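Me: I've got a model open and want to talk through some of the side chains. Can you help me read it?

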Amino acid sequence: MLNMVWETEGLQTVGIVVLVCASLKLLHLLGLINFSEDSVEDELELSAVRHRPEGLEQLEALTRFNRKELQILYRGFKNECPSGVVNEDTFKDIYSQFFPQGDASTYAHFLFNAFDTDKDGSVSFEDFVMGLSILLRGSVQEKLNWAFNLYDINKDGYITKEEMLDIMKAIYDMMGKCTYPLLKDDTPRQHVEIFFQKMDKNKDGVVTIDEFIDCCQNDENIMRSMQLFDNVI
Amino acid sequence: MASGVAAWLPFARAAAIGWMPVANMPMPIAPTEKNKRADELIVLNVSGRRFETWRNTLDRYPDTLLGSSEKEFFYNEETKEYFFDRDADVFRAVLNFYRTGKLHYPRSECITSYDEELSFFGIIPEIIGDCCYEEYKDRRRENQERLMDDDEDKKDAKLPNMTFRETMWRAFENPHTSTMALVFYYVTGFFIAISVLTNVVETVPCGATPNTKEVTCGDRYTVAFFCMDTACVLIFTVEYLMRLFAAPSRYRFMRSVMSIIDVVAILPYYIGLVMTDNEDVSGAFVTLRVFRVFRIFKFSRHSQGLRILGYTLKSCASELGFLLFSLTMAIIIFATVMFYAEKGSTSSKFTSIPASFWYTIVTMTTLGYGDMVPKTIAGKIFGSICSLSGVLVIALPVPVIVSNFSRIYHQNQRADKRRAQKMQKARLARIRISKTGSSNAFLHSKRNGLFSEALELTSSIEEEQHLSKNQSLLESQHHHLLHCLEKTTNHEFADELCYEQSYLEGALQSYPSQSPSLSSQEGMTGTCCTRHTKRNHAPLPNSSIPTCALSHTHPHHNLQELSTIHIQPLNTSRSSLNMRVDEPARLNCQSGTITTAIISIPTPPATTPESDAHPPPPGPALQNVVKVSAL
């Protein structure tokens with residue numbers, strides 16, 4: 001008998017608790033009560049960052065482009081990124097559109113890090129145009145320097161086999177699945193081995209900047225292909 | 001490639017410098033911009049409104065009117081602008097397409113005028129962006145349905161030379177075709193009504209004699225009712241048999257809903273005839289009489305609204321299912337809670353959970369009979385929550401059903417949902433084709449591109465101009481970029497089929513293949529290579545030779561071109577193109593790998609540059625084309 005009394009009492013309590021909670025939730029929904037103080041600030045999203053680049057004259061001085069070229073570059077840049085800066089996702093998006101068959105996001109990530117020289121998580125027009133200036137108008141030494149910077153993921157001055165393997169895998173990812181001949185799993189690794197055999201003169205397992213530049217300057221193919229894109233803009 | 005990011009192509013190409021130190025092979029030559037002129041503003045005068053844009057913007061889409069040389073036809077020499085005598089408002093959307101890469105549909109425009117403008121400017125409507133595509137398709141569908149409606153009204157003209165059977169069927173389906181059909185229609189309708197009425201009146205108590213029990217009319221005037229019933233059933237039977245005779249596909253007719261209703265309507269009478277002598281099954285006999293009420297469904301042939309209602313319920317099956325499911329869940333939950341809440345109270349009607357179901361249903365549908373009422377406080381609390389939630393749960397799916405009904409009613413019950421699904425599939429297929437088209441464009445132009453690169457190295461200016469420049473500069477630069485990537489990684493882009501087949505090849509190669517099974521291999525891989533040959537319109541004379549298996553373990557052949565393009569002999573540049581065209585394929589029997597390639601030795605320079613489209617005459621080609629096949 002007692003059990004039945006307790007059961008009903010318990011259920012009564014439960015019922016009342018449910019009622020109270022439901023009414024509190026309703027009031028919260030209606031906005032009359034705020035449980036935590038920072039719930040209001042959820043409304044204010046971080047408004048889009050707006051960035052205005054330096055003037056044309058400063059950019060002309062910093063880079064090797066002339067006025068007209070800078071104008072064309074900026075128009076294209078701003079068209080695609082109206083806010084004036086590119087963050088990593090947009091960057092990956094844009095770069096992936098050029099390689100529809102494969103997955104360009106890993107390589108785009110490395111590229112992004114190479115362009116984002118001040119490491120603030122976004123590429124502004126200055127970063128963009130300074131990177132392009134090195135790539136398109138720089139001396140061979142500077143271009144090789146840039147490439148070394150790209151491969152050296154942790155920027156410690158040495159390219160290790162692991163870093164090179166990451167880069168290589170990223171490049172092969174851009175090819176996608178449908179290739180001829182079929183991509184095998186250790187193709188990137190083999191390619192890395194070839195690379196290291198060529199570049200690592202003292203066989204210490206890492207490639208330093210001097211070994212890299214030295215070796216590239218002695219390789220005719222590489223020298224020639226460095227000039228390939230000189231007339232892109 | 002999305003032309004919206006055309007501005008970033010220079011960046012992508014510059015970034016390709018990052019691949020250079022890694023590549024082991026020389027890179028292909030970059031396409032040069034032959035007539036590089038500074039970008040200039042173009043003025044487009046559309047019915048007096050001037051639009052100005054850069055020439056490069058328009059050049060992004062070279063297969064449209066504005067992007068090609070077709071616009072020169074509209075050039076006005078005096079005012080130095082391009083004049084179009086078209087609608088300026090729609091032109092805004094067209095020009096924005098060039099600027100942003102996305103085509104929008106302005107909702108205030110008429111669909112036909114928009115379509116006309118798009119076809120004038122050479123833009124296909126399928127590329128309308130997702131934001132506007134639904135609206136566009138809806139308007140288009142409405143338009144087409146309106147056109148179809150106008151057509152249908154003309155279709156009712158009587159076709160000559162119809163057999164008697166066909167005329168009868170048409171008369172049954174469409175009562176307005178002839179007077180006989182109309183008469184038949186009304187007669188059957190009348191008898192259905194009579195039959196339903198007699199069923200109803202049969203059960204009314206009438207005429208009580210003072211000392212006996214009340215009798216129903218059916219029992220009092222048995223003979224009369226029996227005669228009426230017989231007459232109705234006779235008419236229905238005759239009608240059913242006539243329909244069965246006239247139906248074009250009897251089997252399908254017998255399976256249709258209406259015929260089942262007909263059968264169910266008349267069957268109880270016959271069963272009753274057979275069973276009148278047996279008193280034991282009179283109970284079952286009474287049950288059968290219930291089915292006579294199905295005769296009322298026969299009215300649905302006469303009423304369009306009923307048919308629409310039935311169709312609506314069928315098409316809202318998912319909403320109804322959701323309603324049912326959520327109601328069941330709620331009923332079970334609340335019934336359980338009410339049972340335990342009311343367990344304590346004395347003389348509670350909530351004797352079991354199933355017994356509480358009745359209370360829950362009555363409360364949730366806000367009927368509230370009052371035959372079961374909670375007495376405890378907990379029970380009352382939960383009971384009120386139950387009724388509140390009942391209102392919500394039932395009110396939610398109902399508007400969907402209502403809007404569905406009204407839509408179908410207004411559109412006169414066309415089967416547009418089914419058609420919309422087909423269109424959606426077709427649209428997705430078209431988008432997929434255009435996307436693969438971009439990657440296929442590269443594969444296509446690669447074969448032509450090698451050819452053009454070869455030309456560029458040694459040929460004269462005239463031959464260069466012969467090259468039909470159907471690729472825009474943008475495309476050629478993009479393809480050059482992809483080509484560089486291929487050279488860096490030592491692998492080529494291939495299309496899906498070749499990938500699948502070479503994948504299967506790899507799987508098959510792991511088992512030592514006996515020669516009988518080789519024939520199956522040949523058949524499978526043969527398609528890949530012949531596909532190549534077909535695509536280049538150059539089926540080689542001995543392409544019927546069976547084996548053309550692909551090899552991918554041969555270390556020496558880095559790049560085996562499977563193309564059958566005949567290329568000019570270029571001794572000096574051979575190494576740069578890295579084509580081992582004069583190296584015969586190896587036979588590698590012991591390891592079981594099958595190595596072949598369809599290699600063509602270049603023909604003498606007498607052949608014209610356009611020979612990639614026309615194969616040289618088979619005679620001389622036979623000597624020069626080395627088809628090495630290995631078994």
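Reply: Sure, starting with one acid: B:D229 is buried at 12% relative accessibility (buried means under 20% relative accessible area, exposed over 50%, partly exposed in between, with a 1.4 Å probe and protein chains only). Keep in mind that this is a predicted model, where local features need pLDDT of at least 70, side-chain atom pairs count only at pLDDT 80 or more, and totals for chains, interfaces and linings use all residues. Side-chain values use heavy atoms, without hydrogens and water, residues are numbered from 1 along each chain as its sequence is written, and chains are lettered from A and ligands numbered from 1 in the order written.

Me: OK, which residue forms a salt bridge with B:D229?

Reply: B:R295 does, with the closest N and O atoms 3.3 Å apart; a salt bridge here is a side-chain nitrogen of Lys or Arg within 4 Å of a carboxyl oxygen of Asp or Glu. The pair links distant parts of the chain, 66 residues apart: B:R295 is in the loop between α12 (282-290) and α13 (304-315) of chain B, and B:D229 is in helix α9 (residues 222-246) of chain B. Helices (H or I, at least four residues) and strands (E, at least two) are DSSP runs, numbered from the N terminus.

Me: And is B:R295 buried or exposed?

Reply: Buried, with a relative accessible area of 0%.

Me: How many salt bridges are there over all chains?

Reply: The search of the whole structure finds 24. Some join up: B:E239, B:R243, B:D262, B:K298 and B:R301 are linked in a network.

Me: What about chain A, what does A:R67 pair with?

Reply: A:E57, with the closest N and O atoms 3.5 Å apart. A:R67 sits in helix α3 (residues 67-80) of chain A and A:E57 in helix α2 of chain A, ten residues apart. A:R67 is partly exposed at 38%, while A:E57 is exposed at 51%.

Me: Switching topic: how many disulfides?

Reply: Zero over all chains, counting a disulfide as a pair of cysteine sulfur atoms within 2.5 Å. As for cysteines, B:C232 is buried at 2% and A:C21 is partly exposed at 47%.

Me: What's the mean pLDDT of chain B?

Reply: 72, with 64% of its residues at 70 or more; pLDDT is the predictor's confidence in each residue, from 0 to 100. Over residues 512-631 of chain B, the pLDDT is below 50. Where pLDDT is low, the predicted coordinates should not be read in detail.

Key:
Contact means heavy atoms within 4.5 Å.
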